[in-house]
Amino acid sequence: MPKAFLNPQMRLGFTAILALLTMGLRPAAGLPRCPPQDELLAKAEIVVEARVKSLSIGESGLLLTENFPSRMVRADLEIKRVIKGKFLGNEATVYGTLYPPGPFMELTAMALSYGFDDRDTFEWELSRHEIGDDVALFSMNACNYRKFPDWAVGPR
């Protein structure tokens with residue numbers, strides 16, 4: 001057995017990494033919690049019933065500061081119907097950063113179930129965020145209203 005594994009500092013480091021992997025990534029305790037979903041629904045301007053056509057993680061292509069992660073999550077949604085507000089399109093693309101991750105696990109489950117016997121739809125608030133003059137995007141990291149089927153929401 002290599003001497004590095006016998007070193008107490010190395011064992012402590014491996015134990016810490018194992019503990020972090022076991023607990024999973026969660027937003028920091030210091031971040032403010034989102035209001036309850038019923039309050040978010042009341043404040044939402046646009047809510048749709050949607051399906052996840054595709055979900056990906058990749059380089060954003062945005063010009064960011066040196067220490068800011070440039071990878072983003074992209075979810076291409078197929079809009080089945082508008083529940084609240086007005087939205088004229090049949091598709092929307094939602095972007096999010098990897099931290100805080102937002103409902104990434106739920107979106108992954110919905111993407112995997114695309115086309116599965118009408119059990120692949122969920123409710124989602126299209127939350128528009130301006131990022132410049134005449135440029136906006138739909139964000140998944142804000143406190144958005146969302147309602148996933150019970151089977152797609154894992155234990156927390």
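## A first look at the sheet, its helix and its disulfide

Strands E3 and E6 run parallel and are joined by two bridges. That pairing belongs to an open sheet of seven strands, ordered E5-E6-E3-E2-E1-E4-E7, in which the pairing is mixed. The model is a predicted one, and its protein chain has a mean pLDDT of 81. Below is a short tour, starting with the sheet and ending with the confidence of the prediction.

**Across the sheet**

- At the edges of the sheet stand strand E5 (128–132) and strand E7 (146–147), each pairing on one side only.
- E5 and E6 pair in the antiparallel sense, with four bridges between them. Here His129 has Leu137 in E6 as its bridge partner.
- The same two strands, E5 and E6, form a hairpin with two residues between them, and Asp134 in the turn has a positive phi of about 60 degrees.
- In the parallel pairing of E3 and E6, you can look for Val94, which stands opposite Phe138 in E6.
- Strand E3 (residues 91–97) also runs antiparallel to E2, and seven bridges join the two. One pair to find here is Arg74 and Tyr95, the latter in E3, which stand opposite each other.
- E2 and E3 make a hairpin as well, with six residues between them; in its turn, Gly85 has a positive phi of about 85 degrees.
- Strand E1 (residues 47–59) and strand E2 (residues 71–84) are antiparallel and share twelve bridges. Leu55 faces Ala75 of E2, standing opposite to it.
- E1 is joined to strand E4 (residues 122–125) by four bridges, and these strands run antiparallel. Within this pairing, Glu49 stands opposite Glu123 in E4.

**The helix on the sheet**

- Helix H4 (residues 104–112) packs on the sheet and touches E1, E2 and E4; the direction of H4 makes about 105 degrees with that of E1.
- Which residues of H4 are buried? They are Glu106, Leu107, Ala109 and Met110. These residues lie on the same side of H4, because they cover an arc of only 160 degrees around the axis.
- In an α-helix there are 3.6 residues a turn, so residues three or four places apart point the same way.
- Met105 and Leu112 are exposed, on the other side of H4.
- The cover over the buried residues of H4 includes E1 and E4.

**The disulfide**

- Searching the whole structure turns up one disulfide. It is formed by Cys34 and Cys143, whose sulfur atoms are 2.0 Å apart.
- The link of Cys34 and Cys143 is left-handed, with -80 degrees about the S-S bond.
- What does the pair tie together? Cys34 is in the loop between helix H2 (8–23) and helix H3 (37–43), while Cys143 is in the loop between strand E6 (135–139) and E7, so the disulfide connects parts that are 109 residues apart in sequence.
- Cys34 is partly exposed, at a relative accessible area of 37%. Cys143 is also partly exposed, with 33% relative accessibility.

**How confident is the model?**

- In the protein chain, 76% of the residues reach a pLDDT of 70 or more.
- Confidence is highest in E4, at a mean of 95, and lowest in helix H1 (residues 3–6), at a mean of 53.
- Residues 21–28 have a pLDDT below 50, and in the model this stretch has five contacts beyond near neighbours in sequence.

Note on methods
Residues are numbered from 1 along each chain as its sequence is written. This is a predicted model: local features need pLDDT of at least 70, side-chain atom pairs count only at pLDDT 80 or more; totals for chains, interfaces and linings use all residues. Side-chain values use heavy atoms; hydrogens and water are left out. Two strands pair if DSSP finds at least two bridges between them. Contact means heavy atoms within 4.5 Å. Axes are lines fitted to C-alpha atoms, for helices over the stretch in contact, and angles run from 0 to 180 degrees between N-to-C directions. A disulfide is a pair of cysteine sulfur atoms within 2.5 Å. Buried means under 20% relative accessible area, exposed over 50%, partly exposed in between (1.4 Å probe, protein chains only). pLDDT is the predictor's confidence in each residue, from 0 to 100. The arc is that of the directions from the helix axis to the C-beta atoms.
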